[in-house]
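Colleague: I would like to go through the strand pairing and the nonpolar residues of this model. Please keep each reply short and end it on what I asked for.

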Amino acid sequence: SLKISSGKGLSLGAQIVFWGFPAGYSGTSPMLGVGYLSGVDQVPDIAGNPVNQFVVNAAINHGNSGGPVILVETGEVIGVADNKIAPLSDESLAALAALQGASYGMQYPATMPDGSTKSFGEGQVVAMVLEQLRQQVQLAIGHTVLLDDIRAFLSLHGIAP
């Protein structure tokens with residue numbers, strides 16, 4: 001098992017590593033990611049409440065989420081990979097929402113993972129492709145869950161950190 005850091009002595013610029021299976025990677029072992037602790041940011045949780053998260057200068061991508069973020073100096077876990085920072089402008093988000101709601105034009109009959117079929121309009125197909133491309137963009141900035149939140153989660157589930 002991995003030791004969870006006490007959080008003492010963490011400083012910006014500290015080198016971190018993480019493991020995971022980023023989207024597009026088909027290896028049989030997790031891929032190593034390397035980066036640096038770069039700051040703290042506030043991001044909204046599902047309910048819209050602000051939550052502090054570390055910002056790391058590292059290629060955390062779709063598929064790395066849930067993996068431990070480890071401080072190289074000590075080998076201790078300082079966070080959990082959560083998401084990458086891939087912002088879109090309000091105009092782009094509105095355009096994607098409009099495309100996702102469009103059911104006109106050419107119809108694409110897709111087979112869903114459960115074997116059923118569903119028809120998508122051409123705007124919806126474009127929106128799906130754009131979202132997939134956005135997930136694949138390799139960025140070098142991401143968020144990690146903070147130590148106090150990891151400890152709270154573990155305690156809530158009866159696990160001593």
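Colleague: Which residue in E3 does Leu37 stand opposite?

Modeller: This is a predicted model. Leu37 belongs to strand E2, residues 31–44, and E2 pairs with E3 in the antiparallel sense. The residue opposite Leu37 in E3 is Val56.

Colleague: How many bridges join E2 and E3, and how many residues lie between them in the hairpin?

Modeller: The antiparallel pairing of E2 and E3 runs over eight bridges. In the turn of their hairpin, Gly48 has a positive phi of about 90°. The number of residues between the two strands is five.

Colleague: What is the bridge partner of Trp19 in E2?

Modeller: E1 and E2 pair in the antiparallel sense over six bridges. Within E2, the partner of Trp19 is Leu32.

Colleague: Which elements give two or more residues to the largest nonpolar core?

Modeller: That core has 13 residues, and Leu37 and Val56 are among those with the most contacts inside it, as are Ile16, Phe18, Val69 and Ile78. The elements giving two or more residues are strands E1 (15–20), E3 (50–57), E4 (68–71) and E5 (76–84). A second, separate core has seven residues, including Ile4, Ile70, Ile150 and Leu154.

Colleague: Is Leu130 buried or partly exposed?

Modeller: Leu130 lies in helix H2, residues 122–136. With Val126, Val129 and Leu133, Leu130 makes a nonpolar surface patch of about 330 Å². Buried would require under 20% relative accessible area. The value for Leu130 is 40%, so this residue is partly exposed.

Note on methods. Residues numbered from 1 in each chain as written. Predicted model: local features only at pLDDT ≥ 70, side-chain atom pairs only at ≥ 80, totals over all residues. Heavy atoms only, no water. Core = buried A, V, L, I, M, F, W, Y, C linked by side-chain atoms within 4.5 Å. Buried < 20%, exposed > 50% of the residue type's maximum accessible area, 1.4 Å probe, protein only. Helix = DSSP H or I, 4+ residues; strand = E, 2+ residues; numbered from the N terminus. Patch = residues over 30% accessible without salt bridge, like charges linked within 9 Å, V, L, I, M, F, W, Y side chains within 5 Å. Areas by Shrake-Rupley, 256 points an atom, 1.4 Å probe, with all protein chains shown as cover. Salt bridge = Lys/Arg side-chain N within 4 Å of Asp/Glu carboxyl O. Pairing = 2+ DSSP bridges.
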